[in-house]
Amino acid sequence: RVLDTQRESLKALEGLAFFRDDPRPSKSGSSVMSHAKAWLTESRLAVGSWNCTESALHLFPYESGCNVEAGIIMSIDKETHEALKPRGDLDIDKIGFMTGEQLDRDRAFLMDALPFQIQVCRNWRHTRYEISVAGETPTSVFTIRLPGVDGDRRLAFSETSQQVSISDVQRALKEHIFAVFQRDAPAGAPPYRGMIIDLEADKRPVWRYATLNDLLQDWAQEQAGTGVASQYPESYELAYADSIDHQYNDSEIGDSARATTTDVTFSYYTMFAAFENMRQRLSSPVLDSVDALKMILLTQPGSLFEICDKAQRLFADPDVSPVYKWFFQEEVDSLLRTARAASRRLGDEALAAAIEDRFLHAVEDGSLFAPYGECERRWIECVRNIAEYGNGK
C-alpha cells in the first residue's frame, strides 16, 4: 500500500532486514525470506523489490526473464534519518560476500572498460534521450542501441550532447538499459551496457485505457484523462502493459496475457464524437504551453499517441469494417495535423517531428469506395473536403 506519512513508513519498516534476508526459520523449517530492500540517504528513503540482478536491470531482455520491479521513494527529514540509520559501522571483514574462487570465476565475465565515459538520460518532458560522452575520441566507431528507438545510432564525439527522439514509448517505459557496440570488435564480443537515468519522471505516462472502446466512450463524454486509476479500476491498465512478456511473470499472482482481439462494440457516432472533443481540446486557447500539449499527446490516459498505438490492433482485426478503419485513420491523422500545427505554434519542432512519425497509413482508399454509386461518391468527396481527409495539410 502507499505509505502516506513518515510515521506509517517507520511502522512498516519495523523488522525489515537492511543488509540480508531474515534467517529465522519458519514453521516449515525453511528460512523466512524478505524480498523487500531499503535504501537510506539523508534526504530520501526507498523501499522496494528492485536490486542489481540481471533480471531486475533487464540486462538481457531477449535472452532470459525480466522482472517488473516496484517500490516507493519518499523524502524524509533529519529526524527520520537519525531514527533509521544503522547504529555503528558495518564491518566488511566479518561478512563473507564471496570467496576467492567465486571472485576468480566472475572475473572471467567482466568486460573491458569503455575508452570513454558515457551517460544516457531519458527526458520525459521532451520524450527523448540525451546522450553525453566525455574523454578522448576513440579510433573505433561506436554505436548505441536505445529502447524505443529504431536502429542503432552512431555516437558523435564532436558533440557535447546528442538528442534522440523516442518513437516507441511502450518499450522505453519497460526497458532501462542501453547498449554500446564497437564496430571492429571481435565476433561474438558482448556489447557494453549501462543504466538509463530518467529525467522529468512526473511527465512519464503511467496509466492508459485497457480497451479502445473504453477510451472512445470517455472521450465522447469529455472524460478522458480527467480521473485516476482508482476511479476507473476496470478501464485503466499500466501504460507499458503491451511490452510485458507474460511468459516471465509470476504465476502465483495469476498474471496472464490480455486477449489481443479488438472490442468492436463502439459506433460511428461514438468515434466521431470522441475525436471531435479531442479536436476541440487541441484547438482550445487554454492549450498555451508545450507541457499542456504533451499531456494530451502522450501522458494522460487516452492520449493521441495511445490511440495511434491501439489503431494498429484495430487495423489488424478482420471483423472491423474497412470503411470504419478508413474513417478512423483519417480522423486520427486529422488530429495529428492539428497537434503538429500547435507544436509549431508553440515553437517545439522536435515534438512536431515526433508527431510526423505517428501518422497512420495502414488503410489505402484507392478502391475502397469504388462499389458505391455516383451519389455516394459525391457525398464521400464532400466529407473529405470538410474534414480535410487525405489532403496532407
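Helix α11 (residues 349-356) contributes three residues to the lining of the second largest cavity, the largest share of that lining. The model analysed here is predicted. The second largest cavity has a volume of about 40 Å³. Its lining consists of H126, T127, K294, D348, A350, L351 and A354. By class, these residues divide into three nonpolar, two polar and two charged.

In total, three cavities of 30 Å³ or more were counted in the structure. The largest of them encloses about 140 Å³ of space. Its lining comprises 15 residues, and those that lie nearest the centre of the cavity are Q170, L298, S303, E306 and D309. Four elements each provide at least two residues of this lining, namely the helices α5 (169-174), α8 (290-299) and α9 (304-316) and the strand β12 (207-209). Seven of the lining residues of the largest cavity are nonpolar, whereas four are polar and four are charged.

With respect to cysteines, the structure contains zero disulfides. C121 has a relative accessibility of 9% and therefore counts as buried, the cut-off for this class being under 20% relative accessible area. C308 is likewise buried, because its relative accessible area is 2%.

How values were computed:
Residues are numbered from 1 along each chain as its sequence is written. This is a predicted model: local features need pLDDT of at least 70, side-chain atom pairs count only at pLDDT 80 or more; totals for chains, interfaces and linings use all residues. Side-chain values use heavy atoms; hydrogens and water are left out. On a 1 Å grid over the protein atoms alone, a cavity is a set of points where a 1.4 Å probe fits but cannot get out, and a pocket is an open set with protein on both sides within 12 Å along at least five of seven lines; lining residues have an atom within 4 Å of a point. Grid points are joined across faces, edges and corners, and a volume is the space filled by probe spheres set on the points. Ala, Val, Leu, Ile, Met, Phe, Trp, Tyr, Cys and Pro count as nonpolar, Asp, Glu, Lys and Arg as charged, and the others, Gly among them, as polar. A disulfide is a pair of cysteine sulfur atoms within 2.5 Å. Buried means under 20% relative accessible area, exposed over 50%, partly exposed in between (1.4 Å probe, protein chains only).
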